[in-house]
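Visitor: I would like a quick tour of this model. Please take me through it one stop at a time.

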Amino acid sequence: MAHIRPKPFTMLAALLAALAAVAAFAGQAHAARIQLGLSEQGLGVFDDVRFQKLGITHMRGFAPWNVALSARDRDYLDAWLTAVRARGIEPLVTFTAASGSRCPARPCKLPSTAAYTRAFKAFRKRWPWVRSISPWNEANQRSQPTFRHPKAAARFYNVVRARCHGCRIVAADVIDDPNMVRWLGVFRRYAKRPRIWGLHNYRDVNPRRHQRYGGTERLLRTVRGQVWLTETGGIVKFVLPGGQTLFRSSERRANLAMRRMLSLARRYRSRIRRVYVYHWRQPSGPGRFDAGLLRANGKPRPSYYTFLRALRSPFFRS
């Protein structure tokens, strides 16, 4: 058969198609990158050169559900949000129990829908530029008044949804405790069109010996839409309120957990769009919980360097 030379326009069309395919792939790769941020309430983090080196642009902070109506809580959140905004960081504000709550012991008051609505209206009036909000932290955990009230938690979400148009709202911010799926089953019946779900997958990321929970996959099977790992990371030390040591101090184990968390996020990156690692620095004194990226003296732990490498990888972005 005689050799047929391709016509110039055919070669050009093929070249343009190839370039378009490369551009589309690059666009997909960029879109698939997960936003990696930090969950940290302290103010000292912002002046730390190690924090500045990370180039973080997303941070998560806590606030009592009635923060805008409490002068002491309001002043602290003002300071945190001012620091965040000054550095061009997008905040995710997560509401939690009111100051002074001692759940599951008393006091452990669940606000009424009317009280929550008044508080959120005041929040929007004071900080209208905050556009990422989680209506309740670890709502299925026994340390929260929403533990036995998923219907109330759904009502709180509906309040935020109705009064924060265009906001990114984490419908239910849950921890991967055994009750998670059952709790969400009730929540979903009353929540209006949720699009983003929050997960604290500590059990999945920090499994104890001979235990695997798979909470991340269970949540993904249970709900539709985006999932944000709003609080996660490697636990260095954890002592239960009753004094039982769940995790003895181990920076090595915490770093392995950090790697496992990043691996899970990459595996499910079509759904998991944000990750907030908790937290920045080991508490001074004999605290019960420690997942700090830095030791109390400010020296980075292995998990800090794992976090830094992840930010520079093709799977994540700040």
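**Helix α4, strand β10 and a cavity**

Visitor: How far apart are the end C-alpha atoms of α4, and what span is expected for its 14 residues?
Guide: This is a predicted model. At 1.5 Å a residue, the 14 residues of α4 should span 20 Å. The end C-alpha atoms agree with that, because the distance between them is 20 Å.

Visitor: Which residues of α4 are buried?
Guide: The helix covers residues 113-126. Buried here means under 20% relative accessible area. In α4 that gives Ala-115, Tyr-116, Thr-117, Ala-119, Phe-120, Phe-123 and Arg-124.

Visitor: What covers the buried residues of α4?
Guide: The cover includes both helices and strands. Among the helices are α3 (71-86) and α5 (150-163). Among the strands are β3 (90-96) and β4 (132-134).

Visitor: Is Thr-117 buried or exposed?
Guide: Thr-117 sits in helix α4. Its relative accessibility is 12%. The cut-off for buried is under 20%. Thr-117 therefore counts as buried.

Visitor: Which residues is Thr-117 in contact with, leaving aside its neighbours within four places in sequence?
Guide: α5 (150-163) is included in what covers the buried residues of α4, and Thr-117 is one of those buried residues. With the sequence neighbours set aside, the contacts of Thr-117 are Val-159 and Arg-163.

Visitor: Now to β10. How many of its residues are buried?
Guide: β10 spans 272-278. The strand is mostly covered. Of its 7 residues, the buried count is 6.

Visitor: Which residues stand opposite Arg-274 in β10?
Guide: β1 (residues 34-39) runs parallel to β10, with 5 bridges. β7 (residues 226-232) also runs parallel to β10, with 4 bridges. Opposite Arg-274 stands Gln-35, and so does Trp-228.

Visitor: How many cavities of 30 Å³ or more are there, and how much space lies in the largest cavity?
Guide: Rolling a probe the size of a water molecule over the atoms shows where empty space is left. The count at 30 Å³ or more is 1 cavity. The space in the largest cavity is about 40 Å³.

Visitor: Which of α9 and β10 supply at least two residues of its lining?
Guide: The lining of the largest cavity includes Ala-254, Met-258, Val-277 and Tyr-278. α9 covers 251-267 and β10 covers 272-278. At least two lining residues come from each of α9 and β10.

Visitor: How many charged residues does the lining of the largest cavity have?
Guide: Gly-233, Leu-293 and Ser-303 are among the lining residues. By class, 7 are nonpolar and 4 are polar. The charged residues number none.

Conventions
Residues are numbered from 1 along each chain as its sequence is written. This is a predicted model: local features need pLDDT of at least 70, side-chain atom pairs count only at pLDDT 80 or more; totals for chains, interfaces and linings use all residues. Side-chain values use heavy atoms; hydrogens and water are left out. On a 1 Å grid over the protein atoms alone, a cavity is a set of points where a 1.4 Å probe fits but cannot get out, and a pocket is an open set with protein on both sides within 12 Å along at least five of seven lines; lining residues have an atom within 4 Å of a point. Grid points are joined across faces, edges and corners, and a volume is the space filled by probe spheres set on the points. Ala, Val, Leu, Ile, Met, Phe, Trp, Tyr, Cys and Pro count as nonpolar, Asp, Glu, Lys and Arg as charged, and the others, Gly among them, as polar. Buried means under 20% relative accessible area, exposed over 50%, partly exposed in between (1.4 Å probe, protein chains only). Contact means heavy atoms within 4.5 Å. Two strands pair if DSSP finds at least two bridges between them. The expected span of a helix is 1.5 Å times one less than its number of residues.
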